[in-house]
Amino acid sequence: FQFHFEETPAGMKKSFHHRAITIGGFAGFGATSVNPWTTNYAVNDEYDGFVVTRGLAAMIGLKSLTVGVGLGWDYLTGRDKDKWIYQNKPWVGLSLGLNIN
């Protein structure tokens, strides 16, 4: 961040410039639907399974806008983890951020 202050007839005016490059890892957890469609019909039940997510992300920020891309993998815990078609398959996500200060 760089802050600039300049004096105007109305008082002090503050402006800032923001530039950033960020690379890092992430981890989290969530829920997913486990059903015949997400297991190639190997499971007849339908329930929500517990998923652990991990991955890497890179983001670039300029002024009030931040954009990024992430690469991650999901791991279903529980009895049907070997039948889930997304188990440890890579996925790509996009991120968009806006600073409204």
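I21, I23, I60, L65, V67, L96, L98 and I100 make up a nonpolar surface patch, and together they offer about 940 Å² of accessible area. Strand 3 (19-34), strand 5 (65-76) and strand 6 (90-98) each give two or more residues to the nonpolar patch. The model is predicted. An open sheet of 4 strands, with antiparallel pairing, runs in the order 3-4-5-6.

**The nonpolar patch**

- One of the patch residues is L96.
- L96 sits in strand 6.
- L96 counts as exposed because its relative accessibility is 67%, and the cut-off for exposed is over 50%.
- I21 and I23 also belong to the patch.
- Among the other members are I60, L65 and V67.

**The sheet**

- The strand order is 3-4-5-6, and the sheet is open.
- Strand 3 and strand 6 are the edge strands, since each of them pairs on one side only.
- On average, neighbouring strands of this sheet are turned by 25 degrees against each other, with direction ignored.
- Strand 3 pairs with strand 4 through 16 bridges, in the antiparallel sense.
- T22 has M59, in strand 4, as its bridge partner.
- Strand 4 (residues 47-62) and strand 5 also run antiparallel, joined by 12 bridges.
- V52 stands opposite Y75, which belongs to strand 5.
- The hairpin of strand 4 and strand 5 has 2 residues between the strands.
- In this hairpin, K63 takes a positive phi near 55 degrees.

**Aromatic pairs**

- The structure contains 3 aromatic pairs.
- One of them joins F26 and W91, with ring centres 6.1 Å apart and 45 degrees between the planes.
- This F26–W91 pair is tilted, because tilted covers plane angles that are neither under 30 degrees nor over 60.
- F26 lies in strand 3 and W91 in strand 6, so the pair ties together parts that are 65 residues apart in sequence.
- Strand 3 and strand 6 are the edge strands of the sheet.
- F26 has a relative accessible area of 29%, so it is partly exposed.
- W91 is likewise partly exposed, with a relative accessible area of 29%.

**The loop between strand 3 and strand 4**

- W37 is located in the loop between strand 3 and strand 4.
- W37 counts as exposed because its relative accessibility is 56%.
- The C-alpha atoms of W37 and I85 are separated by 9.0 Å.
- Along the chain, W37 and I85 are 48 residues apart.
- N40 is also placed in the loop between strand 3 and strand 4.
- N40 has a positive phi of about 55 degrees, although it is not a glycine.
- At 60% relative accessibility, N40 is classed as exposed.

**The loop between strand 5 and strand 6**

- N88 is found in the loop between strand 5 and strand 6.
- The phi of N88 is positive, near 55 degrees, and N88 is a residue other than glycine.
- N88 counts as partly exposed because its relative accessibility is 36%.

Terms used
Residues numbered from 1 in each chain as written. Predicted model: local features only at pLDDT ≥ 70, side-chain atom pairs only at ≥ 80, totals over all residues. Heavy atoms only, no water. Patch = residues over 30% accessible without salt bridge, like charges linked within 9 Å, V, L, I, M, F, W, Y side chains within 5 Å. Areas by Shrake-Rupley, 256 points an atom, 1.4 Å probe, with all protein chains shown as cover. Salt bridge = Lys/Arg side-chain N within 4 Å of Asp/Glu carboxyl O. Buried < 20%, exposed > 50% of the residue type's maximum accessible area, 1.4 Å probe, protein only. Pairing = 2+ DSSP bridges. Axes fitted to C-alpha atoms, helices over the stretch in contact; angles between N-to-C directions. Phe/Tyr/Trp six-rings, centres within 6.5 Å; stacked < 30°, edge-to-face > 60°.
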